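Open the model in your viewer and keep the sequence panel beside it. We will begin with the empty spaces inside, then walk out to some helices and loops.

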Amino acid sequence: MIGGIAPACPKCGGINRPGADLCYLCGDPLGAGPGANAFVGNATPAAAARPPLRPVPMLLFTEAARHNVRMSALLFALLFAAFFLLGTAIGGAYGDPGTGLGLSFVLYAILGATAYFSGSSIVLSIHGAREAGGEEHRQLRNVVEEMAIAAGVPPPKVYVIPAAGMNAFAAGRRPEEACVAVTTGLLDRLNREELQGVIAHELAHVKSRDTLYNVCAAVLVGAVALLSDMFLRGTLWGRRGRAEGEGGGGGRGNAAFFVLALLLAVLAPLAAKLLQMSISRQREYHADAAAAGFTRNPLGLASALAKITAGGPEVPGENRGTQHLFIVNPLRVFGPDASALMSTHPPTEERIQRLRAMGGVAAGS
């Protein structure tokens with residue numbers, strides 16, 4: 001830093017916070033690269049000796065946010081396509097593709113209405129959350145109000161989950177009806193800056209309507225699994241009944257549709273789950289970056305994620321249906337060697353590294 005002015009990266013031109021060792025955009029040491037002579041004072045022997053961050057594409061936050069939205073919309077469209085293609089194929093297997101498509105619409109409407117109007121209360125009750133109140137939760141409510149103002153959303157209802165594990169989630173179909181829940185273990189072991197980072201992350205989900213995306217995606221995945229299971233069970237028992245009662249007589253269905261429906265019934269649930277996980281991973285990165293913008297302190301959330309990973313993210317009532325809602329998966333911690341396809345969250349170490357890079361801290365320091 002020269003004269004108290006925040007250093008500009010000589011490689012990409014990114015403006016970094018005063019005292020930063022590395023550029024938060026490209027990860028290069030400040031003072032290295034073409035034209036670095038004017039910034040040679042920024043580089044220190046200790047900074048030069050630190051291992052560089054893993055290279056990542058140079059992308060402005062606004063472009064990264066737009067990319068996440070585009071990817072989520074594409075994946076969501078693929079989820080819908082898989083669901084309605086399965087319904088059409090099943091209808092064709094029984095001789096009427098139009099009826100199969102219509103019944104799939106009806107099934108999704110029933111499940112979607114239930115989740116849309118009651119999803120938040122169901123999730124809160126599953127995990128034993130109770131509304132925060134009294135002096136013991138005053139700091140939590142204050143932090144939620146502060147972060148809601150920073151995020152530009154109405155203050156959500158605040159709930160506490162009585163659990164020693166450290167975790168948090170947000171729910172609600174709209175920002176005006178949102179709620180945020182944190183565990184008592186999280187409140188006991190995080191300082192105020194770290195708590196601000198966690199709450200800001202959850203409010204980023206609320207502001208981006210990720211909570212509604214998550215509900216809709218979960219409904220679609222459940223509907224695909226239910227439709228597939230109904231078809232496979234009906235095929236098994238239906239064929240057995242025809243074999244016993246009619247000597248194996250054929251039906252009105254189209255053989256090609258039947259084969260297609262059988263393949264989709266087996267593969268569609270897995271494909272739908274993978275697409276749901278991909279949506280969840282994209283949105284976690286977006287929420288981390290947005291939270292850093294709300295708090296102006298990416299290191300607070302980075303420290304909170306490190307503590308949550310070390311302290312354990314387990315919560316009561318944890319299950320595969322709600323695991324993607326939490327800031328850290330309560331069933332499994334995803335490390336760098338975790339399968340990308342089967343992960344609901346990005347590797348926690350990579351999330352921490354990105355946040356520390358935003359704060360101008362070198363990897364391993």
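**Stop 1: the enclosed spaces**

Start on the inside: the model has two cavities of 30 Å³ or more. A cavity here is a set of points on a 1 Å grid over the protein atoms alone where a 1.4 Å probe fits but cannot get out, and lining residues have an atom within 4 Å of a point. Grid points are joined across faces, edges and corners, and a volume is the space filled by probe spheres set on the points. Rolling a probe the size of a water molecule over the atoms shows where empty space is left.

Before going further, a word on the source: this is a predicted model, in which local features need pLDDT of at least 70 and side-chain atom pairs count only at pLDDT 80 or more, while totals for chains, interfaces and linings use all residues. Residues are numbered from 1 along each chain as its sequence is written, and side-chain values use heavy atoms, with hydrogens and water left out.

Now select Ala170, Glu202, His205, Thr211, Asn214, Glu284, His324 and Leu325, which line the largest cavity. The space they enclose is about 40 Å³. Which helices each supply at least two residues of this lining? They are helix H6 (192-207) and helix H7 (210-245). Colour the lining by class and you should find two nonpolar, four polar and two charged residues. For this colouring, Ala, Val, Leu, Ile, Met, Phe, Trp, Tyr, Cys and Pro count as nonpolar, Asp, Glu, Lys and Arg as charged, and the others, Gly among them, as polar.

**Stop 2: zoom out to the whole fold**

Switch to a cartoon view, where the protein shows 10 helices and four strands. These are DSSP runs numbered from the N terminus, with helices (H or I) of at least four residues and strands (E) of at least two. Along the sequence they follow the pattern α-α-α-β-α-β-β-β-α-α-α-α-α-α.

Of the 365 residues, 46% count as buried; buried means under 20% relative accessible area, exposed over 50%, and partly exposed in between (1.4 Å probe, protein chains only). Among contacts (heavy atoms within 4.5 Å) with a separation of 6 or more, 66% join residues 24 or more positions apart.

**Stop 3: an open pocket**

Next, find the second largest pocket, with a volume of about 510 Å³. A pocket is an open set of points with protein on both sides within 12 Å along at least five of seven lines. Centre your view on Ala115, Val215, Ala218, Val219 and Gly321, which lie nearest the pocket's centre among its 26 lining residues. Helix H3 (97-126), strand S3 (168-171), H7 and helix H8 (255-295) each supply at least two of the lining residues. H3 gives the largest share, eight residues. By class, the lining holds 12 nonpolar, 12 polar and two charged residues.

**Stop 4: Gly172**

Select Gly172, in the loop between S3 and strand S4 (179-183). Is Gly172 buried or exposed? Gly172 counts as buried because its relative accessibility is 4%. Show its neighbours: leaving out residues up to four places away in sequence, Gly172 touches Ser120, Glu177, Ala178, Thr211 and Leu212. Ser120 is 52 residues away along the chain, yet the two C-alpha atoms are separated by 5.6 Å.

**Stop 5: two arginines in loops**

Go to Arg209, in the loop between H6 and H7, then to Arg296, in the loop between H8 and H9. Most residues other than glycine have a negative phi. Arg209 has a positive phi of about 60 degrees, and Arg296 also has a positive phi of about 60 degrees. Arg209 is partly exposed, with a relative accessible area of 36%, whereas Arg296 is exposed at 70%.

**Stop 6: helix H9 and a partner**

Finish at helix H9 (residues 298-311), whose end C-alpha atoms are 20 Å apart. That agrees with the 20 Å expected for its 14 residues at 1.5 Å a residue, the expected span being 1.5 Å times one less than the number of residues. Select its buried residues: Pro298, Gly300, Leu301, Ala302, Ala304, Leu305 and Ile308. Just after H9 comes Gly312, with a positive phi near 95 degrees.

Then add Val328, in the loop between H9 and helix H10 (348-358). Val328 is buried, with a relative accessible area of 2%. Its contacts, not counting residues up to four places away in sequence, are Asn167, Leu305, Ile308, Pro313, His345 and Arg351. From Val328 to Leu305 it is 7.8 Å, C-alpha to C-alpha.
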